[in-house]
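Please open the model in your viewer and keep the selection tool at hand. The tour proceeds stop by stop, and each stop names what to select.

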Amino acid sequence: MSEQAFRYEPAADHPGWFTWNLTDETRFNAQTMGRMLTRIEDRADGARVARLRMFPERRHSNLLDAVHGGVTLALIDISLFAAMRTLLDGDAAGSVTLDLSTQFIGAGKIGQPLDAVVEVLRETGRLVFLRGLVVQGDDTIAAFNGTIRKPTKR
């Protein structure tokens, strides 16, 4: 795999944001999640974070008309790779999730942008340790941490 697997380019209709979509629109991310955008932000404490945004629609809802937990988990998983790519210039297309721990705190609303905000805790030769929050406006929807294994060098 290569980075050409992703369409990462400035989003003309969202200044300061970049697209984060697969070039192959038949795969899970494109079919299930729809359009996603990303950007790097600097926090007040000096840390850099990656923000991955999705746009929840009715197809992302559960029977309570909230964002389905599976969609939130998918956003979180995809955000780990967006953070690895944007913050570390890593090979997101050749990496895999080793573990992901999530605490659901609230319910996401349909029709409002849903963001995963991710920071890198540590990078080693083979692993990247990350954590973050899923937020919607001022509401926290979930907290998470995960580990990515980088691709094997051939």
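The stops below treat paired strands, salt bridges, one proline and a group of aromatic rings. Please bear in mind throughout that this is a predicted model.

**Stop 1: the paired strands**

Begin by selecting strand β4, residues 36-42, together with strand β5, residues 48-54. These two strands pair in the antiparallel sense, and 7 bridges connect them. At D42, look across to β5, where the bridge partner is R48. Between the strands of this hairpin there are 5 residues. Select G46 in the hairpin of β4 and β5: this glycine takes a positive phi near 95 degrees.

Now add strand β2, residues 18-19, to the selection. Strand β2 runs antiparallel to β4 and is joined to it by 2 bridges. One position to centre on is T19, which stands opposite L37 in β4.

**Stop 2: the salt bridges**

How many salt bridges does the structure hold? The count is 14. Select R53 and D115 to see one of them, in which N and O are 2.7 Å apart. R53 belongs to strand β5 and D115 to strand β7 (residues 114-123), so this pair ties together parts that are 62 residues apart in sequence. Are these two residues buried or exposed? Both R53 and D115 are buried.

Next, select K150 and E123, whose side chains also meet in a salt bridge, at 2.7 Å from N to O. This pair links distant parts of the chain, with K150 in the segment after β9 (139-149) and E123 in strand β7, 27 residues apart. K150 is buried, because its relative accessible area is 14% and the term covers values under 20%. E123, in contrast, is partly exposed, with a relative accessible area of 41%.

Which residues are joined into one network by salt bridges that share partners? Select R39, E41, R51, R53 and D115 to display that network.

A further salt bridge is found at E57 and R59, where the closest N and O atoms are 3.0 Å apart. E57 is partly exposed, at 39% relative accessible area, and R59 is partly exposed as well, at 46%.

**Stop 3: a proline and its contacts**

Move to P151, which is placed in the segment after β9. P151 is partly exposed, with a relative accessible area of 22%. Leaving aside residues up to four places away in sequence, P151 touches D91, G94, S95 and R126. Then draw a distance between the C-alpha atoms of P151 and L127: the separation is 9.4 Å, while the two residues are 24 residues apart along the chain.

**Stop 4: the aromatic cluster**

To finish, select Y8, F18 and W20, which form one aromatic cluster. The number of aromatic pairs is 2. In the pair of Y8 and F18 the rings are stacked, with 5.0 Å from centre to centre and 20 degrees between the planes. Y8 lies in the loop between β1 (6-7) and β2, and F18 lies in strand β2, 10 residues apart. Y8 is partly exposed at 30% relative accessible area, and F18 is partly exposed at 28%.

Y8 and W20 form an edge-to-face pair, with 6.1 Å between the centres and 80 degrees between the planes. W20 sits in the loop between β2 and β3 (21-22), and Y8 and W20 are 12 residues apart. W20 is buried, with a relative accessible area of 1%.

Technical notes:
Residues are numbered from 1 along each chain as its sequence is written. This is a predicted model: local features need pLDDT of at least 70, side-chain atom pairs count only at pLDDT 80 or more; totals for chains, interfaces and linings use all residues. Side-chain values use heavy atoms; hydrogens and water are left out. Two strands pair if DSSP finds at least two bridges between them. Helices (H or I, at least four residues) and strands (E, at least two) are DSSP runs, numbered from the N terminus. A salt bridge is a side-chain nitrogen of Lys or Arg within 4 Å of a carboxyl oxygen of Asp or Glu. Buried means under 20% relative accessible area, exposed over 50%, partly exposed in between (1.4 Å probe, protein chains only). Contact means heavy atoms within 4.5 Å. Rings of Phe, Tyr and Trp (its six-membered ring) pair if their centres lie within 6.5 Å; planes under 30 degrees apart count as stacked, over 60 as edge-to-face and the rest as tilted.
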